[in-house]
Amino acid sequence: MSMSGIKVDAEATELFNNIKMKKAHKFAFFKISDDGKKIVIDKTGEAVKTENLEDDAAQWEEMKKCLVADEPRYVIYDFRFKKKDGGICEKMGFFLWCNDDKCLVKKKMMYAATKEAVKKAFKGFHYEIQATEMDDLDYSTHQAAVEKLR
């Protein structure tokens with residue numbers, strides 16, 4: 001449980017594990033439930049196995065289209081692309097989307113206070129992003145950082 005008292009729903013954790021182990025979806029969005037008691041699944045992307053930078057970048061852009069300016073979300077993204085050396089890079093990314101200019105202060109505080117509980121439930125991601133505006137979600141910046149991870 002988080003400092004906010006909000007728990008991560010078992011279905012949300014199961015979805016994360018299915019993405020990590022079975023590549024069930026390219027990305028997934030999670031939100032605080034309407035009753036404010038748990039983290040639940042909001043939406044998922046298709047199960048797409050990207051083979052190169054262009055395909056992975058296209059999926060990243062599809063994921064970004066699902067973000068709503070005034071609604072915070074936790075997001076999992078499954079990076080998969082061919083590296084410059086020819087090897088395949090497969091890394092899980094986690095980020096909190098919370099637009100500073102558009103989100104209500106109460107929502108920002110709830111999502112920030114619950115973030116550590118979500119990270120604890122979603123064991124095994126490799127890369128973390130804090131995004132407060134669309135410019136924070138430039139694919140090439142994050143792809144380069146992910147490619148450097150071991």
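This is a short selection tour of a predicted model.

Residues are numbered from 1 along each chain as its sequence is written. In this predicted model, local features need pLDDT of at least 70, side-chain atom pairs count only at pLDDT 80 or more, totals for chains, interfaces and linings use all residues, and side-chain values use heavy atoms, without hydrogens or water.

**Stop 1: residues 5–147.** UniProt lists this range as "domain: ADF-H", in an unreviewed entry; such annotations may be inferred rather than shown by experiment. The chain here is 36% helix and 28% strand (DSSP runs: H or I of at least four residues, E of at least two, numbered from the N terminus). The end C-alpha atoms are 36 Å apart.

**Stop 2: the largest nonpolar core.** A nonpolar core joins buried Ala, Val, Leu, Ile, Met, Phe, Trp, Tyr and Cys residues through side-chain atoms within 4.5 Å; buried means under 20% relative accessible area (1.4 Å probe, protein chains only). This one has 21 residues. Select F30, I39, Y74, I76, F94, V118 and F122, which have the most contacts inside it. α1 (10–22), β2 (27–32), β4 (73–82), β5 and α3 (105–121) each supply at least two of its residues. α1 gives the largest share, four. Another core, of 18 residues, lies apart from it and includes F27, L67, F79 and W97.

**Stop 3: I76.** Beyond neighbours within four places in sequence, its contacts (heavy atoms within 4.5 Å) include F16, I19, M92, F94 and F122.

**Stop 4: β5 and β6.** Select 88–97 for β5 and 127–131 for β6. They run parallel, joined by five bridges; pairing takes at least two DSSP bridges. L96 has Q130 as its bridge partner. On β6, Y127, I129 and A131 form the covered face, E128 and Q130 the uncovered one. In a regular strand, side chains alternate between the two faces of the sheet.

Terms used: Buried means under 20% relative accessible area, exposed over 50%, partly exposed in between (1.4 Å probe, protein chains only).
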